[in-house]
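Trainee: I have a new model on my screen and a lot of labels I don't quite trust yet. Can we go through some of them together?

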Amino acid sequence: MVGYSEKDSDCLCSELAGGGFDLVSECVEYVQDIQAAVSESDWDVILSNHTKESFDAVEALDLLNRCGKNTPLIVYSDYVDEDIAVSVMRRGANDYLKKGNASRLILSIQRELRDMVVRRAKLQAESQIYRLSYYDELTGLPKHNLFCEKVLEILSERNDPDTAAIYFIDLERMPRINSTYGYGVGDILIQQLSYRLSVYAGRNCLLTRIEGSKFAFFNCNVKHSEDVQLFANKILRLAATPFVINNLEFYVTLNVGICAYPEDGEDISMLLANAESAMSHNRGLWRSQCRYYEKTVGETSARRLELERSLRKSIEKRELVLYYQPIVDMRTGSVIGAEALVRWNHPEFGMILPDQFIPIADETGFIIEIGKWVLRQACSQAKQWHDAGYDSLLISVNISAIELDQSQLLNHVNCVLEETGLYPDALELEITESVLMQDAESSIRILQELKDIGVKIAVDDFGTGYSSLSYLKRLPIDTLKIDRSLARDIVSDSDSSAIVVAIISLAKSLGLSTLAEGVETKEQFEFLYQEECDRVQGYLFSKAVSAERFLLLLEQRKTGTLA
């Protein structure tokens with residue numbers, strides 16, 4: 001209550017007692033004392049006097065506004081003038097009542113209290129929405145959008161060319177930790193890392209959680225390249241001590257990508273993209289290291305994005321082509337088959353080898369469509385060769401991990417064989433050793449279904465994975481393909497030659513045939529011949545060629561002699 005004498009305040013309290021209020025009040029007689037009263041307590045309603053001589057309610061309203069308070073104010077006064085009442089209401093008063101109308105005053109207070117509840121709920125909801133929109137729920141750090149806004153504010157205020165840097169940080173091994181110990185442990189680990197990173201956060205060094213285990217710093221406290229590296233070292237040292245969760249110690253490593261402002265980008269989106277690109281290129285090189293953005297890294301990322309964008313149209317635009325590498329019988333020298341290898345004739349980048357676009361297809365899931373196209377094209381081409389008189393020719397097609405995991409694989413193979421008219425025993429499907437061992441029991445079931453329709457199965461890249469001999473014996477396979485890395489070194493490296501000899505011996509004991517990939521020299525061929533390897537392929541005979549060139553090669557080798 002402001003502007004009332006102590007006696008008037010007591011009378012007001014008596015009048016309000018009938019309204020059922022749980023009343024706590026304080027009387028302030030002068031305007032200059034209002035600020036202290038509203039600062040000390042958070043009042044629900046302010047009742048203000050207004051007199052012609054001693055107390056001006058407008059001054060009380062102005063003071064409340066200066067204090068940043070939006071507490072409802074009701075004027076309850078003997079002095080009633082229409083112009084004054086309108087003026088006071090326009091300045092922010094919630095009501096203007098004449099003294100003696102206690103019932104109206106009670107109704108007015110009740111109305112303001114109800115409105116106050118609604119306003120507080122609205123403010124609380126807006127605050128919650130703002131927090132959910134701008135702050136990460138797990139760590140409490142600013143989200144990407146707020147981080148970008150704050151960086152833009154800092155950059156707009158900078159008039160000097162001083163260096164600033166973006167640090168893109170990723171915690172290694174998070175998927176493995178989540179799958180082994182559960183996402184609850186993974187979340188705690190991310191929280192603990194955020195606490196450690198927050199040590200360096202401040203007004204000129206902003207921190208955000210991008211997503212998952214990815215964080216980013218924008219640091220404009222760095223003045224020289226030495227400062228940029230020193231801060232990176234500080235980040236890396238944060239993971240030097242283990243993270244302790246539920247009495248378990250986790251030793252993790254951080255990868256950091258760095259780019260500098262303004263050299264590597266002048267807006268925050270480009271800076272973040274370049275720093276992430278640098279960090280991604282650091283993966284697999286050195287653990288717990290940082291890498292600086294380079295233009296070539298950015299160009300590689302841009303090329304990858306372009307490949308990813310255009311890959312989905314590659315089949316429709318007939319840009320994919322199949323090349324065929326001859327498979328040669330070691331004893332007769334005859335070409336007995338071909339491995340179908342896909343190439344991408346890109347309109348901008350030219351002929352692209354599979355190792356440059358198949359990983360992208362795997363990541364995007366488009367490998368399924370490519371696999372279907374390759375199988376259909378290869379079987380159709382093999383049928384054409386059969387019709388041309390080479391009816392014993394085998395066609396070998398690679399199957400990816402994603403394709404092997406598809407429930408429709410058997411149906412698709414059946415449909416392709418039916419459409420093309422190719423006999424099932426003329427088709428060999430190649431699956432890498434590592435893919436088969438990801439889920440050996442499932443692999444056995446799927447391969448048996450394929451074997452039941454007559455298709456041949458080969459284990460590709462054998463000797464580079466970790467096959468269990470017990471599973472290998474159960475796998476319904478026909479051929480072990482010796483990896484080219486082993487065949488390459490069989491003459492010069494005793495370990496490689498010993499492994500190749502063991503694989504050939506193992507295959508014989510299991511009743512399987514063997515095929516060595518990557519044979520490029522006569523010395524390699526002679527070694528494999530002596531060890532009784534069954535089939536070979538490699539540059540010694542021919543690189544992968546077009547279908548037309550392959551047919552010409554078949555005609556040249558009709559005699560069955562090695563060139």
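What follows is a chat about a few of those labels and the reasons for them.

Mentor: One thing before we start: this is a predicted model. Fire away.

Trainee: Okay, why is Asn246 called exposed?

Mentor: Its relative accessibility is 57%. Exposed means over 50%, so Asn246 counts as exposed.

Trainee: And what makes Asn247 exposed?

Mentor: Run the same kind of check. Asn247 has a relative accessible area of 77%, and the cut-off is over 50%, so Asn247 is exposed.

Trainee: Where are Asn246 and Asn247 found?

Mentor: Asn246 is in the loop between strand 7 (243-245) and strand 8, and the place of Asn247 is in the loop between strand 7 and strand 8 too.

Trainee: What is noted about phi for Asn246 and for Asn247?

Mentor: Phi is positive for Asn246, near 50°, and that residue is not a glycine. Asn247 isn't a glycine either, yet its phi is positive at about 65°.

Trainee: Let's move to helix 7. Which of its residues are buried?

Mentor: Met174, Ile177 and Asn178 are buried in helix 7, which covers residues 174-181.

Trainee: How do you know that the buried residues line one face of helix 7?

Mentor: Look down the axis of helix 7: the buried residues fall within an arc of 100°, so they line one face of the helix.

Trainee: What sits on the face turned away from that buried side?

Mentor: That face carries the exposed residues Pro175, Arg176, Ser179 and Thr180.

Trainee: What do the buried residues of helix 7 pack against?

Mentor: They pack against strand 4 (164-171), helix 8 (183-198) and strand 8 (248-250). Just after helix 7 you'll also meet Gly182, with a positive phi of about 100°.

Trainee: Now for empty space. How many cavities of 30 Å³ or more turn up in a search of the whole structure?

Mentor: One. The largest cavity holds about 40 Å³ of space.

Trainee: Which residues line the largest cavity?

Mentor: Val38, Ser41, Asp42, Trp43, Ile46, Lys69 and Thr71. By class, that lining has three nonpolar, two polar and two charged residues.

Trainee: Last one: what is the peptide bond from Tyr261 to Pro262, cis or trans?

Mentor: That bond is cis, with omega near 5°. Pro262 is found in the loop between strand 9 (254-261) and helix 10 (268-282).

Key
Residues are numbered from 1 along each chain as its sequence is written. This is a predicted model: local features need pLDDT of at least 70, side-chain atom pairs count only at pLDDT 80 or more; totals for chains, interfaces and linings use all residues. Side-chain values use heavy atoms; hydrogens and water are left out. Buried means under 20% relative accessible area, exposed over 50%, partly exposed in between (1.4 Å probe, protein chains only). Helices (H or I, at least four residues) and strands (E, at least two) are DSSP runs, numbered from the N terminus. The arc is that of the directions from the helix axis to the C-beta atoms. Contact means heavy atoms within 4.5 Å. On a 1 Å grid over the protein atoms alone, a cavity is a set of points where a 1.4 Å probe fits but cannot get out, and a pocket is an open set with protein on both sides within 12 Å along at least five of seven lines; lining residues have an atom within 4 Å of a point. Grid points are joined across faces, edges and corners, and a volume is the space filled by probe spheres set on the points. Ala, Val, Leu, Ile, Met, Phe, Trp, Tyr, Cys and Pro count as nonpolar, Asp, Glu, Lys and Arg as charged, and the others, Gly among them, as polar.
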